[in-house]
Amino acid sequence: MSTTKRINQKKVDQIGYQRGRWAIYLFLAIVVVCQLLPFYLAINASMKPQTDMSSTLMPRLHDIAWDNWTAAITDGQILHSVVNSVIVTVCTTLIVCVVGAAAAYPLARRATRFNKVISALILATMMGAAAEYSCAAVHDACQSGWR
């Protein structure tokens, strides 16, 4: 193969790689938008007055209804709920880290015939919890009238 053909092939490979990379970035951008859109819609709806039933995606910056936020903080005791969530999150994270490190050390240092089985059980437990959470969330949404 001549030098010119090798250089041309390298350029073609590089262009194909760059196209594939842009496709991955486009996919990731779509995923990010899908993940952040509900938060944006919730914040946008909370800034509207209670009498406004429009479904516009653009926020109304000229008349933001701060009454909704103050009612959530004072009447709904949202700060109390946030503090409770932080306490539970910190405690759970610490427990998971300590138990995970205590379980990972012997699995990494000792080679036994049960290592693969135990690792598979740990992975299955993590996947099962995620599937259970997803099913419970869909069930709750359907029970509350969301369709």
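Partly exposed residues are those whose relative accessible area lies between the buried range, under 20%, and the exposed range, over 50%. In this predicted model, cysteine 91 counts as partly exposed because its relative accessible area is 41%.

**View 1. Overall architecture of the predicted model, built from helices without strands.** The secondary structure of the protein amounts to 4 helices and 0 strands, and the order read along the sequence is α-α-α-α. Of the 147 residues, 5% are counted as buried, and the accessible surface of the protein comes to about 13000 Å², with 70% of that area belonging to carbon and sulfur atoms. Among the contacts between residues at least 6 apart in sequence, 3% join residues at least 24 apart.

**View 2. The two cysteines, 91 and 97, in a model with a disulfide count of 0.** Cysteine 91 is partly exposed, at 41% relative accessible area, whereas cysteine 97 has a relative accessible area of 51% and is therefore exposed, the cut-off being over 50%. A disulfide is a covalent bond between the sulfur atoms of two cysteines. The count of such bonds in the model comes to 0.

**View 3. An aromatic pair in helix 1, formed by tryptophan 22 and tyrosine 25.** A search of the whole structure finds 2 aromatic pairs, and one of them joins tryptophan 22 to tyrosine 25, with ring centres 6.0 Å apart and planes at 80 degrees, so that the pair is classed as edge-to-face. The two residues are 3 apart in helix 1 and are therefore separated by about one helical turn. Tryptophan 22 is exposed, with a relative accessible area of 61%, while tyrosine 25, at 45% relative accessibility, counts as partly exposed.

**View 4. Lysine 48 and leucine 57 in the loop between helix 1 and helix 2.** Lysine 48 lies in this loop, which joins helix 1 (3–46) to helix 2, and it counts as buried because its relative accessibility is 8%, which falls under the 20% cut-off. Once neighbours within four places in sequence are set aside, lysine 48 is in contact with Ser54, Ser55, Thr56, Ala65 and Asn68. Leucine 57, placed in the loop between helix 1 and helix 2, touches Tyr40, Leu41 and Asn44 when residues up to four places away in sequence are not counted. The C-alpha atoms of leucine 57 and leucine 37, which are 20 residues apart along the chain, are separated by 10.0 Å.

**View 5. Glutamine 77, a residue with positive phi in the loop between helix 2 and helix 3.** Glutamine 77 is located between helix 2 (66–74) and helix 3, and its phi is near 50 degrees, a positive value in a residue other than glycine. With a relative accessibility of 49%, glutamine 77 counts as partly exposed.

**View 6. A nonpolar surface patch to which helix 3 gives the largest share.** The patch is formed by Ile73, Ile78, Leu79, Val82, Val86, Val90 and Leu94, which together have about 600 Å² of accessible area. Helix 3 (residues 78–109) supplies 6 residues, the largest share of the patch. Valine 90, one of the patch residues, is found in helix 3, and at 43% relative accessibility it counts as partly exposed.

Technical notes: Residues numbered from 1 in each chain as written. Predicted model: local features only at pLDDT ≥ 70, side-chain atom pairs only at ≥ 80, totals over all residues. Heavy atoms only, no water. Buried < 20%, exposed > 50% of the residue type's maximum accessible area, 1.4 Å probe, protein only. Contact = heavy atoms within 4.5 Å. Areas by Shrake-Rupley, 256 points an atom, 1.4 Å probe, with all protein chains shown as cover. Patch = residues over 30% accessible without salt bridge, like charges linked within 9 Å, V, L, I, M, F, W, Y side chains within 5 Å. Salt bridge = Lys/Arg side-chain N within 4 Å of Asp/Glu carboxyl O. Phe/Tyr/Trp six-rings, centres within 6.5 Å; stacked < 30°, edge-to-face > 60°. Disulfide = S-S within 2.5 Å.
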